There are 2 protein chains.
Amino acid sequence: MITLKAKYALKALTTLADERAADGEALRIETIAQRSGAPKRFLEHILLDLKRGGLIGSRRGRNGGYELIKEPRTVSLAQVLRLIDGPMAPLQCLSRKAYQPCDDCPDEAACRVRAVLGGFYDAYVLMVESLTLADFMADSRPLERFASLAPAAGE
Amino acid sequence: MITLKAKYALKALTTLADERAADGEALRIETIAQRSGAPKRFLEHILLDLKRGGLIGSRRGRNGGYELIKEPRTVSLAQVLRLIDGPMAPLQCLSRKAYQPCDDCPDEAACRVRAVLGGFYDAYVLMVESLTLADFMADSRPLERFASLAPAAGE
DNA sequence: GATAATGTCGATAATGTTTATCGTGATTAT
DNA sequence: ATAATCACGATAAACATTATCGACATTATC
């Protein structure tokens with residue numbers, strides 16, 4: 001499960017990406033809240049996170065608002081999930097950006113769970129890094145690129 | 001992140017699978033705790049969950065203990081994760097075994113987040129269902145079967 | 001049948017995470 | 001000035017995670 005916060009973030013980013021595609025203005029929090037369905041006061045914090053992450057920009061004061069400052073196809077799902085929900089790895093000892101040894105593991109190299117999930121996580125990362133905000137916008141079939149996986153299910 | 005509880009469960013199952021492969025006896029909680037590194041009193045509950053899930057069997061009383069009652073290659077990672085951590089879907093509205101409409105979504109069919117993550121989750125499920133306890137045991141290279149994914153990273 | 005070994009299982013609790021809401025301050029256009 | 005708007009720390013309710021404990025049930029053995 002991704003958190004609801006991350007879901008709101010993706011909806012907000014999609015809203016901003018749509019607006020950008022339409023050559024629109026910066027959008028107020030209120031407007032983003034309405035279009036994305038996120039609670040306004042909660043969304044404030046989410047937008048701040050996205051801003052700190054360099055994905056969106058803001059203007060304060062009258063006529064202020066938020067706008068996307070990256071090309072949608074350069075913003076990966078992985079980037080957003082890491083920014084909002086933190087490390088994605090199934091085990092902390094497998095995290096690329098936030099590695100930490102697991103407290104319960106005396107010998108990391110001997111850990112079978114780590115070995116198996118490590119291989120799995122490699123594939124996982126390829127997927128979430130190849131999905132981008134652009135995939136959330138139009139009527140794309142973004143995951144047909146993973147169709148090659150299907151044969152693996154047969155075994 | 002999978003929970004520590006799920007990690008303990010996988011280590012315990014691997015321990016039991018190893019014992020089974022060696023034609024060993026049922027193992028006491030204490031012994032499983034030592035071999036898997038899980039706290040004994042916490043492990044109790046985990047083993048109960050695994051028993052209720054039909055993966056292991058137990059004998060009470062003197063000379064009691066736990067043993068794996070399934071062929072390791074018939075126990076998927078997905079099964080264990082669902083049993084211990086609950087639904088795996090990135091959104092509850094995408095869960096196969098525990099579907100529920102998302103509270104924040106007025107129109108599920110129009111939800112772009114759902115559409116994109118849905119495609120992603122399909123691939124994810126194929127992976128976790130094709131990994132089995134057998135992959136955790138020997139010196140296997142379980143994830144080479146997902147090597148076909150690699151080209152997708154190039155774009 | 002008494003005893004010791006062992007699984008069963010509900011209660012409790014410390015800690016952290018998630019999902020918010022609120023008040024106040026800072027900035028900007030008019 | 002004033003009104004509109006973002007910035008951001010404080011707070012809190014609800015829930016999840018990670019345990020530990022005590023008491024009970026079952027079984028083998030003496």
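These are my notebook entries on a predicted model, covering two DNA strands, a hairpin, a helix pair and three single residues.

**Entry 1, DNA strand C.** I looked up which residues surround DNA strand C, and of the 24 found there, A:T3, A:L4, A:P39, A:G61 and A:R62 come nearest. I then asked which elements supply this surface, and noted that α1 (4-21) and α3 of chain A, as well as α3 and β2 of chain B, each give at least two residues. The element giving the most is α3(B), with four residues. Sorting the residues of this surface by character, I recorded seven nonpolar, seven polar and ten charged.

**Entry 2, DNA strand D.** I repeated the search for DNA strand D, where 23 residues lie around the strand and B:T3, B:L4, B:P39, B:G61 and B:R62 come nearest. The elements that each supply at least two residues to this surface are α3 (40-52) and β2 (65-68) of chain A, along with α1 (4-21) and α3 (40-52) of chain B. Here α3(A) gives the most, again noted as four residues. By character, I recorded seven nonpolar, seven polar and nine charged residues near DNA strand D.

**Entry 3, the hairpin of chain B.** I followed the strands next, and found that β1 (residues 56-59) and β2 (residues 65-68) of chain B pair in the antiparallel sense over four bridges. For B:G57 I looked up the bridge partner in β2(B), which is B:E67. The two strands form a hairpin with five residues between them, and in the turn B:G61 has a positive phi of about 75°. I note that B:G61 is also listed among the residues that come nearest to DNA strand D.

**Entry 4, positive phi outside glycine.** I searched for such residues because most residues other than glycine have a negative phi. In chain A I noted A:N63, which is not a glycine and yet has a positive phi of about 65°. A:N63 is found in the loop between β1 (56-59) and β2 of chain A, and I counted 9 other C-beta atoms within 10 Å, so A:N63 is exposed. In chain B I noted B:D23, also not a glycine, with a positive phi of about 55°. B:D23 sits in the loop between α1 and α2 (29-36) of chain B, and its 6 C-beta neighbours inside 10 Å are why B:D23 counts as exposed.

**Entry 5, α1 against α2 in chain A.** I looked up how α1(A) packs with helix α2 (residues 29-36) of chain A, and found an angle of about 110° with the axes 9 Å apart. The angle falls in the range that makes α1(A) roughly perpendicular to α2(A). From α1(A), the residues A:Y8, A:K11, A:A12 and A:T15 meet A:I32, A:R35 and A:S36 of α2(A). The residues of this contact divide into three nonpolar, two polar and two charged.

**Entry 6, B:A12.** Is B:A12 buried or exposed? This residue lies in helix α1 of chain B, and with 25 C-beta neighbours inside 10 Å, B:A12 counts as buried because the cut-off is 20 or more. Leaving out residues up to four places away in sequence, I listed B:I32, B:S36, B:A38, B:L43, B:I46 and B:L47 as the residues that B:A12 touches. I also looked up the separation of B:A12 from B:G24, which are twelve residues apart in sequence and 15 Å apart in space, C-alpha to C-alpha.

Note on methods. Residues are numbered from 1 along each chain as its sequence is written. Chains are lettered from A and ligands numbered from 1 in the order in which they are written. This is a predicted model: local features need pLDDT of at least 70, side-chain atom pairs count only at pLDDT 80 or more; totals for chains, interfaces and linings use all residues. A residue is near a molecule or strand if its C-beta atom, placed from the backbone, lies within 6 Å of it. Ala, Val, Leu, Ile, Met, Phe, Trp, Tyr, Cys and Pro count as nonpolar, Asp, Glu, Lys and Arg as charged, and the others, Gly among them, as polar. Two strands pair if DSSP finds at least two bridges between them. A residue is buried if 20 or more other C-beta atoms lie within 10 Å of its own, exposed if 12 or fewer, and partly exposed in between; C-beta atoms are placed from the backbone. Axes are lines fitted to C-alpha atoms, for helices over the stretch in contact, and angles run from 0 to 180 degrees between N-to-C directions. Angles under 35 degrees count as roughly parallel, over 145 as roughly antiparallel, 65 to 115 as roughly perpendicular and the rest as oblique. Two residues are in contact if their C-beta atoms, placed from the backbone, lie within 7 Å.
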